[in-house]
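Me: I'd like a close look at the charged side-chain pairs in this model, followed outward into the parts around them. Please spell out the cut-offs as you go.

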Amino acid sequence: MVRVPTLNRADAEAALRNPLAFIADRWTPDPRTVRRAALAALVMSVVIVVTGGAVRLTGSGLGCPTWPTCTDDSLTTTRAMGFHGIIEFGNRMLTYVLCAAVGWAIIAARSEKPWRRSLTRLGWAQFWVVMGNAVLGGIVVLVGLNPYTVAAHFLLSTALIAIATVMWQRTREGDEAPRPLVGKAVVQLVWFLVAASALLIAVGTVVTGAGPHAGDSSEVARMPIDWETVSKLHAVLAWIVVTLTFALWFVLKAVDAPKAPLARTRELFLILLCQGAIGYVQYFTHLPEALVAAHMLGSTVMWIWVLRVLLALRERPEAPQDLPVPPAEVTVGSRA
């Protein structure tokens with residue numbers, strides 16, 4: 001049995017003043033725990049995007065017609081609100097699960113020894129983005145699923161995924177200054193890839209805002225843009241991203257780049273092919289809900305891998321003081 005430490009009044013006061021420091025003084029997580037905590041926050045940031053898409057695709061966007069309560073008279077969904085109320089309220093509750101995952105990542109990063117301030121800041125950045133997106137989600141409901149607010153809601157979730165991806169990567173690195181693994185021209189090519197991918201996602205939100213899935217069974221205003229035209233623009237941008245990825249793969253092989261950036265680029269190329277196949281099938285089959293959801297999941301995975309390609313272009317070794325001290329060598333036949 002593990003003995004539970006006794007807390008005195010001074011401990012209680014310290015915990016109230018700075019609970020994170022109080023926990024950090026009494027707990028040192030294993031590095032694997034910190035990595036898993038960061039990964040959990042990343043996974044939940046993807047889950048909340050997919051479940052948010054399910055809310056829209058099932059027409060449950062106004063299942064809870066107001067915010068922050070579900071109705072004017074009830075904090076939670078009621079039986080009269082039926083299936084749509086359950087879906088919408090369930091997605092709201094998942095925000096608390098996301099907050100718990102981000103909170104765990106913050107606590108684990110703060111408690112790691114030695115303390116890496118950069119990791120803690122990335123955790124807090126996620127927290128504030130989640131809080132901002134929760135408020136924005138409420139505004140989306142209050143304005144009746146205005147497509148521009150829906151697009152902003154998704155883009156802020158994309159920013160959350162980006163921060164969570166960086167934190168997850170940083171938990172597997174040291175705090176030394178980054179050392180480039182490839183030349184400047186390759187880095188510039190990858191930044192073009194990142195910019196094109198971000199533009200692809202942004203135009204995807206316009207496709208959604210102009211498309212038929214308004215998020216509710218009632219009449220919801222759509223963006224006054226021809227859906228066919230913006231869908232073709234989205235496809236062109238997708239081919240640009242695919243072409244840049246293939247060109248990057250070719251260049252990395254030509255310059256005999258290290259294994260990590262080459263592997264991440266190859267994985268991204270395969271993800272893009274799958275995502276493109278889903279996109280074309282959903283377009284020609286008139287946007288069935290299941291394929292739209294799969295395409296939304298694919299967009300989050302694609303974005304994560306684009307960032308992984310960027311982060312794989314450098315390495316950050318552990319600081320010398322953080323490295324384990326090797327045991328003293330013992331020479332055979334030596335005397336004390």
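Reply: Happy to: the charged pairs come first, then the sulfur link, then the helices and the core.

A word on the ground rules: this is a predicted model, in which local features need pLDDT of at least 70, side-chain atom pairs count only at pLDDT 80 or more, and totals for chains, interfaces and linings use all residues. Residues are numbered from 1 along each chain as its sequence is written, and side-chain values use heavy atoms, with hydrogens and water left out.

Let's start with the salt bridges, meaning a side-chain nitrogen of Lys or Arg within 4 Å of a carboxyl oxygen of Asp or Glu. By that rule there are 7 salt bridges. One of them joins Arg 314 to Glu 173, with their closest N and O atoms 2.4 Å apart. Arg 314 sits in strand β2 (residues 314-315) and Glu 173 in the loop between α6 (147-170) and β1 (179-180), so this pair ties together parts that are 141 residues apart in sequence. (Helices here are DSSP runs of H or I with at least four residues, strands are runs of E with at least two, and both are numbered from the N terminus.)

How buried are the two partners? Buried means under 20% relative accessible area, exposed means over 50%, and partly exposed is in between, with a 1.4 Å probe and protein chains only. Arg 314 has a relative accessibility of 16%, so it counts as buried. Glu 173 is buried as well, at 10%. The pair also belongs to a network of salt bridges that links Arg 116, Arg 170, Glu 173, Asp 175 and Arg 314.

Two other salt bridges stay inside a helix. Arg 92 and Glu 88 pair at 3.0 Å, N to O; they are 4 residues apart in helix α4 (residues 82-111), about one turn of the helix, and both are buried. In helix α9 (residues 259-284), Glu 267 and Arg 264 are 3 residues apart, again about one turn of the helix, and their side chains meet at 2.9 Å, N to O. Here Glu 267 is partly exposed at 25%, while Arg 264 counts as buried at 18%.

Now for the sulfur link. A disulfide is a covalent bond between the sulfur atoms of two cysteines; here the test is a pair of cysteine sulfur atoms within 2.5 Å. The count is 1 disulfide, formed by Cys 64 and Cys 70 with their sulfur atoms 1.9 Å apart. The torsion about the S-S bond of Cys 64 and Cys 70 is about -75 degrees, so the disulfide is left-handed. Cys 64 and Cys 70 are both buried.

Back in α9, Gln 282 is buried, with a relative accessible area of 10%. Contact means heavy atoms within 4.5 Å. Apart from neighbours within four places in sequence, Gln 282 is in contact with Leu 287, Pro 288, Leu 291, Val 292 and His 295. Thr 120, in helix α5 (residues 117-142), is buried too, at 5%. Not counting residues up to four places away in sequence, Thr 120 touches Ala 109, Arg 110 and Trp 115.

That brings us to the core. A nonpolar core is a set of buried Ala, Val, Leu, Ile, Met, Phe, Trp, Tyr and Cys residues joined through side-chain atoms within 4.5 Å. The largest one has 69 residues, and Leu 248 and Met 302 have the most contacts inside it. The helices that each supply at least two residues of this core are α3 (31-57), α4, α5, α6, α7 (184-210), α8 (227-254), α9 and α10 (289-311). Its largest share, 11 residues, comes from α7. Leaving aside neighbours within four places in sequence, Met 302 is in contact with Ser 197, Leu 200, Ile 201, Leu 268, Ile 271 and Leu 272.

Last, α8: its buried residues include Trp 227, His 234 and Leu 248, and what covers the buried residues of α8 includes α7, α9 and α10. Just after α8, Asp 256 takes a positive phi of about 55 degrees.
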